[in-house]
Amino acid sequence: SQSGTYKTELDINSSQNTYIKVPKSATVYNFRLMISPRNTSIISFQKPSGLAYSDSGKLYVMDSKTGLIHIFNQDSTYNHTVGYEDNITGLNQPRGFEYYNDSLLIADTNNNRILRITSLNASTDLSVIVPKSSGLRYPSGIDRYSDELYIADTGNNRIIVLNLTSGIINNIFTNSSLNNSFYKNLTAPTKAVRNGNKLMVLESS
């Protein structure tokens with residue numbers, strides 16, 4: 001292009017590898033690349049790691065490698081993808097999520113935090129409900145029981161119970177804080193599921 005000409009948007013409608021050649025003399029300002037799938041034939045799952053259903057029957061599929069969540073309608077047609085928005089990007093190897101009250105609860109594993117994404121049918125909004133400062137280390141599986149969220153805090157060998165209504169951590173089950181022999185042998189838990197008064201824990205080692 002001629003000197004002094006600005007290109008503000010480039011739309012590439014191709015499923016093939018695309019290369020953009022920029023001259024050495026060019027200056028690139030505020031570069032951002034967004035790749036949005038137009039239909040299900042273009043969506044490529046790289047490391048699907050979780051499924052969730054909404055109350056209306058929508059299917060949510062998490063891809064932990066890309067940090068994207070693809071949403072499908074009840075008839076299996078593609079709806080849209082969560083994760084391209086400026087305030088949602090940055091998920092790092094998320095490994096667990098749950099649907100709760102028109103929102104998604106996500107274990108953002110390599111960022112050591114638990115997130116909540118709301119307003120899934122329109123513009124999305126993100127909030128951190130358990131921050132890294134709480135001491136989480138590689139949280140993986142999460143499971144909701146009523147208004148409680150059971151978090152497998154894998155790197156700390158413990159299970160955390162978060163009250164979703166108050167935002168307060170109610171209990172921490174760890175291999176050092178309880179006399180129960182079951183928790184004393186707890187090693188790298190990856191999922192905790194409550195069934196009535198029973199808590200079942202999946203260990204990775």
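In this predicted model, Gly-83 sits in the loop that runs between strand 4 and strand 5 (96–99). At 7% relative accessibility, Gly-83 counts as buried. Its C-alpha atom is separated by 6.4 Å from that of Ile-69, although the two positions lie 14 residues apart in chain numbering terms, that is, they are 14 residues apart along the chain.

Ile-69 leads straight into the sheet. Ile-69 belongs to strand 3, where it stands opposite Met-62. Strand 2 (residues 59–63) and strand 3 (residues 68–72) run antiparallel and are joined by five bridges. The wider arrangement is an open sheet of four strands in the order 1-2-3-4, with antiparallel pairing. Strand 1 (48–53) and strand 4 (78–82) stand at the edges with a single partner strand each, so one side of each has no neighbour in the sheet. As for twist, neighbouring strands of this sheet are turned by 20° against each other on average, with direction ignored.

Now for the aromatic side chains. Searching the whole structure turns up two aromatic pairs. For Phe-72 and Tyr-78, the ring centres are 6.1 Å apart and the planes make an angle of 75°, so this pair is edge-to-face; the cut-off for that label is over 60 degrees. Both Phe-72 and Tyr-78 are buried.

Further along the chain, strand 10 is the piece to look at. Six of the six residues of strand 10 (residues 148–153) are buried, so the strand is largely enclosed by the rest of the structure. Glu-148, Tyr-150 and Ala-152 point one way, Leu-149, Ile-151 and Asp-153 point the other way, and all are buried. On one pairing, strand 10 runs antiparallel to strand 9, with five bridges joining them, and Asp-153 has Pro-139 standing opposite. The hairpin of strand 9 and strand 10 has two residues between the strands, and Ser-146 there takes a positive phi near 60°.

Strand 10 also pairs with strand 11 (residues 158–163), again in the antiparallel sense, this time over six bridges. Here Ala-152 stands opposite Ile-159. This second hairpin has four residues between its strands, and Asn-157 in the turn has a positive phi of about 55°.

Back in strand 9 (residues 139–145), there is Asp-143. What is the nearest side chain of opposite charge to Asp-143? That would be Lys-191, 4.2 Å away, and Asp-143 is buried yet has no salt bridge. The cut-off for a salt bridge is within 4 Å, so a separation of 4.2 Å does not qualify. Leaving aside residues up to four places away in sequence, Asp-143 touches Glu-98, Glu-148, Leu-149, Tyr-150, Lys-191, Ala-192, Val-193 and Arg-194.

Pro-131 has its place in the loop between strand 8 (125–130) and strand 9. With a relative accessible area of 36%, Pro-131 is partly exposed. Not counting residues up to four places away in sequence, Pro-131 touches Asn-112, Arg-113 and Leu-136. The C-alpha atoms of Pro-131 and Ile-114 are separated by 6.6 Å, with the two residues 17 apart along the chain.

Methods: Residues are numbered from 1 along each chain as its sequence is written. This is a predicted model: local features need pLDDT of at least 70, side-chain atom pairs count only at pLDDT 80 or more; totals for chains, interfaces and linings use all residues. Side-chain values use heavy atoms; hydrogens and water are left out. Rings of Phe, Tyr and Trp (its six-membered ring) pair if their centres lie within 6.5 Å; planes under 30 degrees apart count as stacked, over 60 as edge-to-face and the rest as tilted. Buried means under 20% relative accessible area, exposed over 50%, partly exposed in between (1.4 Å probe, protein chains only). Lys and Arg count as positive and Asp and Glu as negative; His and the chain ends are not counted. Contact means heavy atoms within 4.5 Å. Two strands pair if DSSP finds at least two bridges between them. Axes are lines fitted to C-alpha atoms, for helices over the stretch in contact, and angles run from 0 to 180 degrees between N-to-C directions.
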